[in-house]
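Subject: Structure handover

Hello,

Here is the structure I promised to pass on. Please open it next to this message. My notes follow below.

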Amino acid sequence: MAAEIPNAPLDRSPSPASAPPVASAPGPRAAALQKLYNDAINHVLKTCSYDNFAKCFPTPSREVPQSMRQLHEQFNEKLGNQLRSNFEDVLRDRNVVPSLNELDRLVEEAKRRKARAQEEGFESSPMPPHTLPAAQLYLAHLSPSLAQASQDIQQQQEVTQAENSELLARVLQQRSEIATLVQGLENVVADLDASVAALKPEELDALREEGRDVDEEMRMVT
């Protein structure tokens, strides 16, 4: 009887830990960038004063100054709105605010790690990453993935070893059963040989004759 190899159980690796959510509201760096751009827009609009604007249109400014002032106000308002709208489009299309918020989070996390390291007695400053060799940076980047892969492989090896142990036990049991059957057959053959040896010549002749008679009867029947 052939041994049945059990199906290997499905080994599902644990899902990797998800990154913390990034706040959609502007953080310190995003807010600073927005303030810087708004200040730049205000500076541009302030530079485009009515006096400078009127110099570009001397005749209308002299003839209809009130209309020119209204036109200047509308021009500045529309220009400011357009600049702010374009800036908001760039922030949204380039995903600037979430990226800067993620940078804020990484910087704060680095500061906490540095403070924790100093509290634990590591007073020396860590080596700047840009001074490390490429191989060390590469291995450090792959370290979490390699550790998880090693753990998964170890679990699979443990499962395979357990299955092999169970299969080996079945094979040994079947071998023992086969050896028992062979021994039983050998005992039967030995008993038959002993019985034949114990028969007298005339008894053997009678058995042969009886065998021939049975064989002839079987041929006649067929």
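Does R92 count as buried or exposed, and what is its relative accessibility? R92 is exposed, because its relative accessibility is 55%, and the cut-off for exposed is over 50%. Keep in mind that this is a predicted model.

Overall layout

The chain has 7 helices and 0 strands. Read from the N terminus, its elements run α-α-α-α-α-α-α. The chain has 222 residues, and 10% of them count as buried. A search of the whole structure gives 9 salt bridges. Three of them are described below, taken helix by helix.

Helix 4 and the loop after it

Helix 4 covers residues 65–93. Back to R92. Its side chain meets that of D89 in a salt bridge, at 2.7 Å from N to O. The two residues are 3 apart in helix 4, so about one helical turn separates R92 from D89. What about the cover on the acidic partner? D89 has a relative accessibility of 27%, so it counts as partly exposed. In this pair, then, R92 is exposed and D89 is partly exposed.

Next comes the loop between helix 4 and helix 5, where N95 is found. Look at its backbone. N95 has a positive phi of about 55°, although it is not a glycine. Most residues other than glycine have a negative phi. The relative accessibility of N95 is 41%, so this residue is partly exposed.

Helix 5

Which residues are linked in a network of salt bridges? They are E102, R105, E109 and R113. Take the pairs in turn.

R105 and E102 join through their side chains, with 2.6 Å from N to O. They lie 3 residues apart in helix 5, so they are separated by about one helical turn. R105 is partly exposed, because its relative accessible area is 26%. E102 is partly exposed too, at 22% relative accessibility.

E109 sits in helix 5, which spans residues 96–119. E109 forms a salt bridge with R113, and their closest N and O atoms are 2.8 Å apart. The side chains of E109 and R113 also count as making a polar contact, at 2.8 Å. How many residues apart are E109 and R113 in helix 5? They are 4 apart, so about one helical turn lies between E109 and R113.

Is E109 buried or partly exposed? Buried means under 20% relative accessible area. E109 has 21%, so it counts as partly exposed.

Surface patches

Two patches are worth finding on screen.

The first to look up is nonpolar. Y138, L139 and L146 make this surface patch, with an area of about 350 Å². Y138 is found in helix 6, residues 134–198. How open is Y138? Its relative accessible area is 54%, so Y138 is exposed.

The other patch is negative. Which residues form it? They are E210, D213, E216 and E217. E210 has its place in helix 7, residues 201–221.

Where to start

If time is short, begin with the network in helix 5. Select E102, R105, E109 and R113 to see the linked salt bridges. Then go to N95 for the positive phi. Next, pick Y138, L139 and L146 for the nonpolar patch. End with E210, D213, E216 and E217 for the negative one.

Best wishes

Terms used
Residues are numbered from 1 along each chain as its sequence is written. This is a predicted model: local features need pLDDT of at least 70, side-chain atom pairs count only at pLDDT 80 or more; totals for chains, interfaces and linings use all residues. Side-chain values use heavy atoms; hydrogens and water are left out. Patches are made of residues with over 30% relative accessible area and no salt bridge: like charges are joined within 9 Å, nonpolar side chains (Val, Leu, Ile, Met, Phe, Trp, Tyr) within 5 Å. Accessible areas come from the Shrake-Rupley method with a 1.4 Å probe; for residues, only the protein chains shown count as cover. A salt bridge is a side-chain nitrogen of Lys or Arg within 4 Å of a carboxyl oxygen of Asp or Glu. Lys and Arg count as positive and Asp and Glu as negative; His and the chain ends are not counted. The place of a charge is taken as NZ of Lys, CZ of Arg, CG of Asp or CD of Glu. A polar contact is a pair of N or O atoms within 3.5 Å; within protein, one must be able to donate a hydrogen and the other to accept it, and residues adjacent in sequence count only if both atoms are side-chain atoms. Buried means under 20% relative accessible area, exposed over 50%, partly exposed in between (1.4 Å probe, protein chains only).
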